[in-house]
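Me: I should like a close reading of this model, beginning with its cysteines and continuing to the surroundings of one helix and its aromatic rings. Please set out the reasoning step by step, as for a first-year student.

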Amino acid sequence: MTPAARLVSLDAYRGFIMIILAGSGFGLGVLKNYPDWSWLADQFDHAAWEGCTFWDLIQPAFTFMVGVAMPLAFARRLAQGATNTQVFKHVLWRAFLLIFLSNLFSNWGSTQPLKFQLINVLSQIAIGYVLCFLITRLDWTKQVITAAVILGLYWALYLLFPSPNGPWAQYGNIGAVLDLKLLGYNYSGYYTTLNAVGNALTILFGCWTGQLLQTHRTHAEKLKILAIAAVVCFALGLALQPVNPMIKRLWTVSFTFFSTGWVIAMLIPFYWLIEIKQTKRWTFPLVVVGMNSIFIYSLGQIGLKGWLDRGLSAFTGKFQMLGDLGQIPHQIVVLAGMWYACYWLYQRKIFVKI
């Protein structure tokens, strides 16, 4: 395929997701103390185990957009004269850097012995990045078959090696058992390294979306396909839920489909407004962040966000006159500081990439 022009909708959508993540949900979690608004606060926290909240969709949305960008970036490299072998070497190098940064961030400032992990979002992206590159070298039919086989084996693995409390229990599931044997410990929050399998399929769905957006189909045809894909993913996720619980922390098959339905549904208005209606001016604050998503993510990982939070507290007083609701405007002020750091880089055309 020929390289496509940069999709502003992709940068804007990525920026939208990163702003919500960097802004800690704008501090809306404090609304849990207000019964009339607790439903909204719940959406800015992960589901305790089964179920899906808006906050559970943040990582799928980010990794999905990684997938959307992959075929666009590969086409650009091939058009510039790179061979498939050179592109694959770049994929491996990028995966290595992502895992390195992931472990640098997870151990940053720790006084405990260093721990190697593969659960951080950057490590999960690295694994999925390599796997999806290999899968997308196949023809379309084989890609679909491969994806179905991977999801089937992933599901079967939990069923064949259940914990005493069942395959989907928080304790003793096959993912936790493997982590304990291979890493010597289990992650907090009941996450498992095996999550990378479901996450990789989310990236693959993004790759297919990127391939669609590269084609010469009309905008109407592309939107129709995206809408159908979203509905199918919703239906599959809900249909599988009774036999395959929707658990983000295990990235189960039902969660993979259901979350993909949501992230496609969120992409549609961005694509419609920006690429079709060509209304782009409003996207500038989002694009500034979207084009430096690794940078703003890193600010939080190495503690610079905390430093900014503490520094600005001297001026905002965390808006204590508002009680615990003061966290909302304070988080917005902190986010504004992080946004300005991205804007400073944007003005100088400095974009942190891996």
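How many disulfides does the count come to in this structure?

Reply: The model is a predicted one, and every value below is computed from it.

The count of disulfides comes to zero. Two cysteines show how this result arises. Cys 52 is in no disulfide, and the nearest cysteine sulfur, belonging to Cys 233, is 13 Å away. Cys 52 has a relative accessibility of 25%, and therefore counts as partly exposed. Cys 132 is likewise in no disulfide; its nearest cysteine sulfur is that of Cys 207, at 4.7 Å. A disulfide requires the two sulfur atoms to be within 2.5 Å, and the 4.7 Å between the sulfurs of Cys 132 and Cys 207 does not satisfy that limit, so the two are not counted as a disulfide. Cys 132 has a relative accessibility of 1% and so counts as buried.

Another cysteine, Cys 342, leads to helix H14, where it is among the buried residues. Helix H14 covers residues 327-347, which makes 21 residues. From its first C-alpha to its last it reaches 30 Å, close to the 30 Å expected at 1.5 Å a residue. The buried residues of H14 are Ile 328, His 330, Gln 331, Val 334, Leu 335, Met 338, Cys 342 and Leu 345. What covers these buried residues includes helix H1 (8-22), H11, helix H12 (293-301) and helix H13 (304-316). Just after H14, Lys 349 takes a positive phi of about 55°.

That backbone angle deserves a remark. Most residues other than glycine have a negative phi. Two further residues with a positive phi can be found in loops beside the helices already mentioned. Phe 319, which is found in the loop between H13 and H14, has a phi near 50°. With a relative accessibility of 23%, Phe 319 counts as partly exposed. Ser 24 is placed in the loop between H1 and helix H2 (38-42), and its phi is positive, about 50°, although Ser 24 is not a glycine. Ser 24 has a relative accessible area of 35% and is therefore partly exposed.

One of the helices covering the buried residues of H14 is H11, and the loop before H11 contains a residue worth a closer look. Thr 283 lies in the loop between helix H10 (253-276) and helix H11 (284-290). Its relative accessibility is 3%, so Thr 283 counts as buried. A polar atom of the Thr 283 side chain lies 2.5 Å from the backbone oxygen of Lys 280. Leaving aside residues up to four places away in sequence, Thr 283 touches Val 8, Ala 12 and Ile 274.

The aromatic rings come next. Phe 284, Trp 339, Tyr 340, Tyr 343, Tyr 346 and Phe 351 form one aromatic cluster. For the structure as a whole, the count comes to 27 aromatic pairs. A pair of aromatic rings is described by the distance of the centres and the angle of the planes. The rings of Phe 74 and Tyr 129 have centres 6.2 Å apart and planes at 55°, so this pair is tilted. Phe 74 belongs to helix H3 (residues 58-79) and Tyr 129 to helix H5 (residues 121-135), so the pair ties together parts that are 55 residues apart in sequence. Phe 74 and Tyr 129 are both buried. Tyr 185 and Tyr 187, by contrast, form an edge-to-face pair, with 5.5 Å from centre to centre and 80° between the planes. Tyr 185 counts as buried because its relative accessibility is 14%, and Tyr 187 is buried with a relative accessible area of 9%.

Charged side chains also lie over some of the rings. Lys 115 lies over the face of Tyr 185, at 4.4 Å from the ring centre. Arg 137 lies over the face of Phe 133, at 4.3 Å from the ring centre.

A last residue shows contacts between parts separated along the chain. Ile 150 is found in helix H6 (residues 140-160), and is buried with a relative accessible area of 18%. Not counting residues up to four places away in sequence, Ile 150 touches Leu 131, Ile 135, Val 197 and Leu 201. The C-alpha atoms of Ile 150 and Val 197 are separated by 7.8 Å, although the two residues are 47 residues apart along the chain.

Terms used:
Residues are numbered from 1 along each chain as its sequence is written. This is a predicted model: local features need pLDDT of at least 70, side-chain atom pairs count only at pLDDT 80 or more; totals for chains, interfaces and linings use all residues. Side-chain values use heavy atoms; hydrogens and water are left out. Buried means under 20% relative accessible area, exposed over 50%, partly exposed in between (1.4 Å probe, protein chains only). Helices (H or I, at least four residues) and strands (E, at least two) are DSSP runs, numbered from the N terminus. A polar contact is a pair of N or O atoms within 3.5 Å; within protein, one must be able to donate a hydrogen and the other to accept it, and residues adjacent in sequence count only if both atoms are side-chain atoms. Contact means heavy atoms within 4.5 Å. The expected span of a helix is 1.5 Å times one less than its number of residues. Rings of Phe, Tyr and Trp (its six-membered ring) pair if their centres lie within 6.5 Å; planes under 30 degrees apart count as stacked, over 60 as edge-to-face and the rest as tilted. A charge sits over a ring if NZ of Lys or CZ of Arg is within 6 Å of the ring centre and within 35 degrees of the ring normal.
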